[in-house]
Amino acid sequence: LSKAGEERVFYALIPDIQKFLRDRFISATDHDALITLEQKFAHPTIFKSGRKIKHVIPILTNKINEIEDQLKEIFVLDQNPVLFIYLGLADPPSELEDVILIRNNVLLLKSDYGSDPREVGLAFTEFFRRIVGSEPSTIRDYIKALLKLHKVINEIYNKRELLKNEFGEEHLEYIYSFLKNKREEVERQIVAAIYSSLKTIVLGIQRLRYNIDLRAPEEESKDLSNLARLIEEVLEKRGILTSWTWNDLYNQLRHMEAIWDHLDRSIKKPVKIKDLWDQLLFSKDVKPHLTGFDDFIDMLKTAYENNYVAFKYQEDILWLKNPYTAEEAEQYYRTKFVKEGRLNDWERDVEKRLNKLGIKLSDVEIISPQHLINNYIEQLSKLRQVMPGENVIRKLFVYLPDGRQDFAIFIAQYRDPLELADKLSKHPIVLIEETPPRTFLLKITKVSETSYLDKPVEIEGDQRVS
């Protein structure tokens with residue numbers, strides 16, 4: 001036969017292929033559908049993380065104890081945003097939101113399988129209808145039927161001897177090509193149906209709820225791998241936070257009345273960084289957000305570099321690691337001062353101090369500089385102390401662009417702690433050590449017949465005087 005003749009013979013076999021598939025489709029179960037969904041379309045390895053959402057967890061069971069076991073694993077991993085997707089073919093348990101939404105950076109994407117598939121443009125092809133039967137009335141039954149059909153096609157695709165005996169070896173090439181195309185078509189329809197069913201996203205402890213309409217770009221609609229990124233885009237357009245500014249922090253945590261000076265939005269009472277982060281994660285007063293601890297730290301770095309905050313651990317102050325050397329101070333004015341105008345250096349002032357103290361950032365307390373300025377000055381002033389036996393004089397100078405000024409005189413100019421903290425953040429402090437001249441007081445009564453009884457004589461000498 002010619003190729004055209006072979007194709008005519010093959011297409012004459014299509015009714016036989018349909019019957020062959022239907023005979024096997026009839027025996028497929030809902031459990032088969034669920035297994036196919038789990039292994040092919042909703043396996044955890046399929047889903048990619050987004051820019052902010054680091055974990056995507058499909059939920060296929062409606063048994064609440066199994067869901068709770070799933071949660072324990074993921075919540076132990078880290079505190080980054082997590083997207084849970086309920087894709088189970090049975091109705092979700094009534095406690096689902098209460099069990100899952102226990103942090104403000106956790107999201108639950110819920111499917112609506114109860115609507116009519118035709119209302120969202122879903123319908124079987126004629127070939128599929130002849131195998132499956134009548135059009136389902138719900139998206140749930142529509143997806144189930146396609147999952148069963150996928151299972152049947154996939155199984156017989158891997159049974160060469162069965163296909164050869166049923167249709168003849170001479171037709172195997174066409175049979176395999178046909179089955180492969182139909183399998184891909186089923187997969188596209190399943191993915192399209194799942195996208196169409198995902199209608200509701202619920203966020204955080206406040207249970208903030210949005211109706212959504214997910215439409216994956218054509219080139220991405222072959223699977224569910226990019227759901228996290230699509231959800232991020234939807235939520236960012238709705239104003240959900242994906243990063244922090246100092247004003248965001250104040251607005252979200254202003255209910256913590258005791259720590260804030262509301263006039264300038266500064267923190268007046270020391271509070272642990274971990275406690276602030278826990279509030280952002282677990283407080284019902286905080287709006288849901290798509291941020292992790294690293295985003296929170298990025299905000300603190302920016303706040304520190306703008307001199308909004310300082311840190312303390314017990315008696316140690318982590319702010320402006322003075323003193324500088326004279327050379328470092330001069331270098332600062334040539335470089336960092338020109339670009340940024342401030343000394344604040346996260347690595348020098350904070351990270352190196354944390355390493356030296358052997359602690360984590362989450363262990364330290366945060367406070368605004370003006371509220372610890374007196375303790376800071378007191379600690380700096382101790383640098384001038386001279387131990388018994390030391391033959392030195394230590395002085396603190398504030399290095400300015402056009403000279404230097406005694407530390408005590410400099411700070412005396414500023415009565416307002418906020419202004420003083422601002423000035424100290426701009427000018428380095430240098431410790432100068434000097435060796436004092438050795439002074440001898442001699443009482444001389446007569447030199448060369450000249451009397452000095454009434455006039456003390458001061459004689460200066462260096463260390464070589466014996």
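This briefing describes selected helices, loops and single residues of the protein shown above.

The model is a predicted one, and the protein in it has 19 helices and 18 strands. Of its 466 residues, 47% count as buried, and among the contacts in the protein with a separation of 6 or more, residues 24 or more positions apart account for 70%. The points below take up helices H13 and H11, the packing of H8 against H9, a few single residues, and some backbone features in loops.

**Helices H13 and H11**

- Helix H13 covers residues 293-305, which makes 13 residues, and the 18 Å from its first C-alpha to its last is close to the 18 Å expected at 1.5 Å a residue.
- The buried residues of H13 are Asp295, Phe296, Ile297, Met299, Leu300, Ala303 and Tyr304, a list that holds Asp295 alongside residues such as Phe296 and Leu300.
- These buried residues of H13 pack against three helices, namely H11 (246-253), H12 (273-282) and H16 (346-357), and against the strands S9 (310-313), S10 (316-318) and S11 (365-367).
- Just after the end of H13, the backbone at Asn307 takes a positive phi of about 65°.
- Helix H11, one of the partners of H13, is mostly covered, with six of its eight residues buried.
- Those buried residues of H11 are Trp246, Asp248, Leu249, Tyr250, Gln252 and Leu253, and they pack against strand S6 (260-261), strand S7 (266-267), H12, H13 and S11.
- Helix H12 and strand S11 therefore appear among the partners listed for the buried residues of H13 and also among those listed for the buried residues of H11.

**Packing of helices H8 and H9**

- Two packed helices are described by the angle between their axes and the distance between the axes.
- For helix H8 (residues 160-167) and helix H9 (residues 172-197), the angle is about 120° and the axes are 10 Å apart.
- Angles from 65 to 115 degrees count as roughly perpendicular and those over 145 as roughly antiparallel, so H8 and H9, at about 120°, are oblique to each other.
- The crossing of H8 and H9 is right-handed, and the contact is made by Arg160, Leu163, Lys164 and Phe167 on the H8 side and by Leu172, Ile175, Tyr176 and Leu179 on the H9 side.

**Single residues in or beside helices**

- Lys180 has its place in helix H9, and because its relative accessibility is 40%, between the limits of 20% and 50%, Lys180 counts as partly exposed.
- The C-alpha atoms of Lys180 and Tyr157 are separated by 7.9 Å, although the two residues are 23 residues apart along the chain.
- Thr138 lies in the loop between helix H6 (126-132) and helix H7 (139-157), and it counts as buried because its relative accessibility of 17% is under 20%.
- A polar atom of the side chain of Thr138 lies 3.1 Å from the backbone nitrogen of Asp141, and, leaving aside residues up to four places away in sequence, Thr138 touches Tyr113, Gly114, Ser115 and Pro117.
- Ser381 is found in helix H17 (residues 373-381), and its relative accessible area of 19% is under 20%, so Ser381 is buried.
- Leaving aside residues up to four places away in sequence, Ser381 touches Leu396 and Phe407, and its C-alpha atom is separated by 8.9 Å from that of Ala408, which is 27 residues apart from it along the chain.

**Backbone features in loops**

- Most residues other than glycine have a negative phi, and most peptide bonds are trans.
- Arg207 is not a glycine and yet has a positive phi of about 55°; its place is in the loop between strand S4 (198-203) and strand S5 (208-211), where it is partly exposed, with a relative accessible area of 24%.
- Leu320, also a residue other than glycine, has a positive phi near 45° and is found in the loop between S10 and H14, where its relative accessibility of 2% makes it count as buried.
- The peptide bond from Asn322 to Pro323 is cis, with omega near 5°, and Pro323 lies in the loop between S10 and helix H14 (326-334).

Methods: Residues are numbered from 1 along each chain as its sequence is written. This is a predicted model: local features need pLDDT of at least 70, side-chain atom pairs count only at pLDDT 80 or more; totals for chains, interfaces and linings use all residues. Side-chain values use heavy atoms; hydrogens and water are left out. Helices (H or I, at least four residues) and strands (E, at least two) are DSSP runs, numbered from the N terminus. The expected span of a helix is 1.5 Å times one less than its number of residues. Buried means under 20% relative accessible area, exposed over 50%, partly exposed in between (1.4 Å probe, protein chains only). Contact means heavy atoms within 4.5 Å. A polar contact is a pair of N or O atoms within 3.5 Å; within protein, one must be able to donate a hydrogen and the other to accept it, and residues adjacent in sequence count only if both atoms are side-chain atoms. Axes are lines fitted to C-alpha atoms, for helices over the stretch in contact, and angles run from 0 to 180 degrees between N-to-C directions. Angles under 35 degrees count as roughly parallel, over 145 as roughly antiparallel, 65 to 115 as roughly perpendicular and the rest as oblique. A crossing is left-handed if the near helix is turned anticlockwise from the far one by less than a right angle, and right-handed if clockwise.
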